[in-house]
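Biologist: Got a minute to look at this one with me? I'd like to go through a few spots in the backbone.
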Amino acid sequence: MTQTTAPVVSAALRPDPALTELLQSVVDTARAIFGAQASSIMLLDSAADELVFEAVSGQGQEFLVGRRFPAGRGIAGWVAASGEPMVVDDLHDSASFDRDIAESTGYVPNALMAAPLIRRGRVLGVLEVLDPSPQARSGLPELDLLGLFARQAAVALHVLITHAPRPTPDTPPRTELLHLLSEARRLLGE
């Protein structure tokens, strides 16, 4: 199943506190549900052909947000390109696993689950759960649960992004408007 890809988060939207809170909530909840050591959301920046860590829970949460890697590499890259979820119980035997990327993050998992964040046929990114408990990755029901959770996160992300107010090129920034209002009040003697 091939999905179309599009840039999801522009620099103009960041740091949107609602977006940050939503994504952090998703990774915290996924980590808890699957009893994992870590969880992350990487959003696809198709203009740069990269996946960008946007939220991390557990291992690496102190320094991975904002980190980028090529969208065509690793299991997350495969999931983003194919639009299909994946569970790998032993990453030592996986040809899709990119150990160099994992080592560069400071955490090399032994197992992982990954599901694409898809909305209206567009891959927005990837939800990964690293080193989930063995019973949490034991079969199709767990993979379906991860897929449903990723779908719900993609819908919420899509709504938040598409309904976020965006300045137009001819709209002055809020701080400039406040300054102009203050200056007008001063001139009027208020």
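Biologist: What comes right after H2, and what is its phi like?
Modeller: Gly 83 follows H2, and its phi is positive, near 75°. Keep in mind that this is a predicted model.

Biologist: And H2 itself, how many of its residues are buried?
Modeller: Helix H2 covers residues 74–82, and 7 of its 9 residues are buried, so the helix is largely enclosed by the rest of the structure.

Biologist: Which ones are they, the buried residues of H2?
Modeller: Gly 74, Ile 75, Ala 76, Gly 77, Val 79, Ala 80 and Ser 82.

Biologist: Nice. Now Arg 120: what is its phi near?
Modeller: Phi of Arg 120 is near 50°, which is a positive value in a residue other than glycine. Arg 120 sits in the loop between strand E6 (112–119) and strand E7 (122–130).

Biologist: Why does Arg 120 count as exposed?
Modeller: Because its relative accessibility is 67%, and the cut-off for exposed is over 50%.

Biologist: How about Asp 131, buried or exposed?
Modeller: Asp 131 is buried, at 15% relative accessible area. Its phi is also positive, near 50°, and again the residue is not glycine. You'll find Asp 131 in the loop between E7 and helix H4 (140–162).

Biologist: Switching topic: where is Ser 46?
Modeller: Ser 46 is in the loop between strand E2 (38–45) and strand E3 (50–58). With a relative accessible area of 28%, Ser 46 is partly exposed.

Biologist: What separation do the C-alpha atoms of Ser 46 and Leu 124 have?
Modeller: They are 9.5 Å apart, while the two residues are 78 residues apart along the chain.

Terms used: Residues are numbered from 1 along each chain as its sequence is written. This is a predicted model: local features need pLDDT of at least 70, side-chain atom pairs count only at pLDDT 80 or more; totals for chains, interfaces and linings use all residues. Side-chain values use heavy atoms; hydrogens and water are left out. Helices (H or I, at least four residues) and strands (E, at least two) are DSSP runs, numbered from the N terminus. Buried means under 20% relative accessible area, exposed over 50%, partly exposed in between (1.4 Å probe, protein chains only).
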